[in-house]
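Colleague: Could you take me through one part of this model in close-up, the helix packing towards the C-terminal end, and then work outwards from there? I'd like one connected walk rather than a list.

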Amino acid sequence: MRLYDYSQITALLKRHGFTFSKALGQNFITDPEICPAMAKSLGASGDTGVLEIGPGIGVLTKELSAAAGKVAAIEADARLLPILDETLDGCGNVEIISGDAMKLDLNEIIERCFAGMKDVKVCANLPYYITSPIIMRLIESRLRISSITVMVQKEAAERLTAPVGSRLCGALTVAAQYYAEAEKLFDVSRNCFMPSPKVDSAVIRLTVRREPPVRVDSEENFFKVVRAAFSQRRKTALNCLSGALGLPKDTVSDALLQIGRSPSDRAETFSLEEFAALSRLI
């Protein structure tokens, strides 16, 4: 079965009585070059386990199966399970796990499914609505994974891979750069999906860092300061930090001056080192 062929996909879905769910952000890939490129970018081998989130009808899953030693794919939509049984028939190294990736014990899944494997990577075509929560859960949980290669909305890709201290930088950017090295691999047109979404996508890779690039006394406080600093993008860091953290402006102003910053500066211009220093002070 050619899973990139529009007519075959349509016949498959009709046979199983499947209709697309807007709530789940379902868009299936129909371009035959994208999934092989994603799988190849992993540099996987027989000793590599791949965790996939949201396999859909199994287009990417099939490519991952051929590239890696084992694939564990988490699917939240139970209606897709019988379809995956059909499309992945013969892929003996694939395990489909029914459930919500935001609620399942990912560490347990990784240790059970990839026991004895030297490397574990994440690869997925993520629904737009869950991009940020999933990526944050993957990197904050400190799972036994070396990289996260995902297709996301192009705008999200640009934010995630933007340098800290640039115009596109936000709280998600800082978190991504704190836990990983982020890079964009390639763009994907909206015309490569069924149904076609309203925006273009991009594939990015987050290579998980062994150690954060900056020292912080408390990660909880560090990210509390980062989120507060970006709480209102059009306002200065002084106003954002004071308002979101409930601190006197004089206290925040003094801290900003101590790290060599003006109270009129905006958070998007700060570096990781400056956020770390600020979190130690306030």
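**Helix packing, starting from α10**

Modeller: Let's begin with handedness: where α10 passes α11, the crossing is right-handed. Bear in mind throughout that this is a predicted model. Helix α11 covers residues 249–258, and its axis sits 9 Å from that of α10, at a packing angle of about 130°. With that angle, α10 and α11 are oblique to each other, because angles over 145 degrees would be needed for roughly antiparallel. On the α10 side the contact uses Leu238, Asn239, Leu241 and Ser242, and on the α11 side Lys249, Val252, Ser253 and Leu256. Sorted by class, the residues of this contact come out as four nonpolar, three polar and one charged.

Now turn to the other partner of α10. Helix α9 (residues 219–229) packs against helix α10 (residues 237–245) at about 120°, with their axes 8 Å apart. That angle makes α9 oblique to α10, and the crossing is again right-handed. From α9 come Lys224, Val225, Ala228 and Ala229, and they meet Cys240, Leu241, Ala244 and Leu245 of α10. The make-up here is seven nonpolar, no polar and one charged. Leu241 is worth clicking on: it appears in the contact with α9 and also in the contact with α11.

For a pair with another geometry, go back along the chain to helix α6 (residues 131–140) and helix α8 (residues 171–179). Their axes are 10 Å apart and the packing angle is about 30°. That makes α6 roughly parallel to α8, since the angle falls under 35 degrees. The crossing of α6 and α8 is left-handed. Ser132, Met136, Ile139 and Glu140 are the α6 residues in the contact, and Leu172, Ala175, Ala176 and Tyr179 are those of α8. By class they divide into six nonpolar, one polar and one charged.

While you're at that end of α6, have a look at Arg142, in the loop between α6 and β6. Its phi is positive, about 50°, although Arg142 is not a glycine. That deserves a second glance, because most residues other than glycine have a negative phi. Arg142 is partly exposed, with a relative accessible area of 48%.

There's another backbone oddity further on, at Met194 and Pro195. The peptide bond joining them is cis, with omega about -10°. Pro195 belongs to the loop between β8 (193–194) and β9.

β8 gives us a way over to the N-terminal helices, as it is among the elements covering the buried residues of α1, along with β1 and α4. Those buried residues of helix α1 (residues 6–15) are Ile9, Leu12 and Leu13. They span an arc of only 95° around the axis, which puts them on the same side of α1. The general rule behind such a pattern is that an α-helix has 3.6 residues a turn, so residues three or four places apart point the same way. Just after α1 comes Gly17, with a positive phi of about 65°.

Helix α2 (residues 34–41) can be read in a similar fashion. Ile34, Cys35, Met38 and Ala39 are its buried residues. Looking down the axis of α2, you find them within an arc of 130°, so they line one face of the helix. What covers them includes β1 (28–29), α3 (59–67), β5 (119–125), β6 (147–153), β7 (180–188) and β9 (201–208). Gly43, just after α2, takes a positive phi of about 65°.

To finish, pick out Thr87, in helix α4 (residues 81–87). With a relative accessible area of 4%, Thr87 is buried, because the cut-off is under 20%. Leaving aside residues up to four places away in sequence, Thr87 touches Met1, Leu3, Leu12, Ile57, Gly58 and Lys62. Leu12 brings us back to α1, where it is one of the buried residues. And for a sense of scale, Thr87 and Arg234 are 147 residues apart in sequence and 49 Å apart in space, C-alpha to C-alpha.

Notes. Residues are numbered from 1 along each chain as its sequence is written. This is a predicted model: local features need pLDDT of at least 70, side-chain atom pairs count only at pLDDT 80 or more; totals for chains, interfaces and linings use all residues. Side-chain values use heavy atoms; hydrogens and water are left out. Axes are lines fitted to C-alpha atoms, for helices over the stretch in contact, and angles run from 0 to 180 degrees between N-to-C directions. Helices (H or I, at least four residues) and strands (E, at least two) are DSSP runs, numbered from the N terminus. Angles under 35 degrees count as roughly parallel, over 145 as roughly antiparallel, 65 to 115 as roughly perpendicular and the rest as oblique. A crossing is left-handed if the near helix is turned anticlockwise from the far one by less than a right angle, and right-handed if clockwise. Contact means heavy atoms within 4.5 Å. Ala, Val, Leu, Ile, Met, Phe, Trp, Tyr, Cys and Pro count as nonpolar, Asp, Glu, Lys and Arg as charged, and the others, Gly among them, as polar. Buried means under 20% relative accessible area, exposed over 50%, partly exposed in between (1.4 Å probe, protein chains only). The arc is that of the directions from the helix axis to the C-beta atoms.
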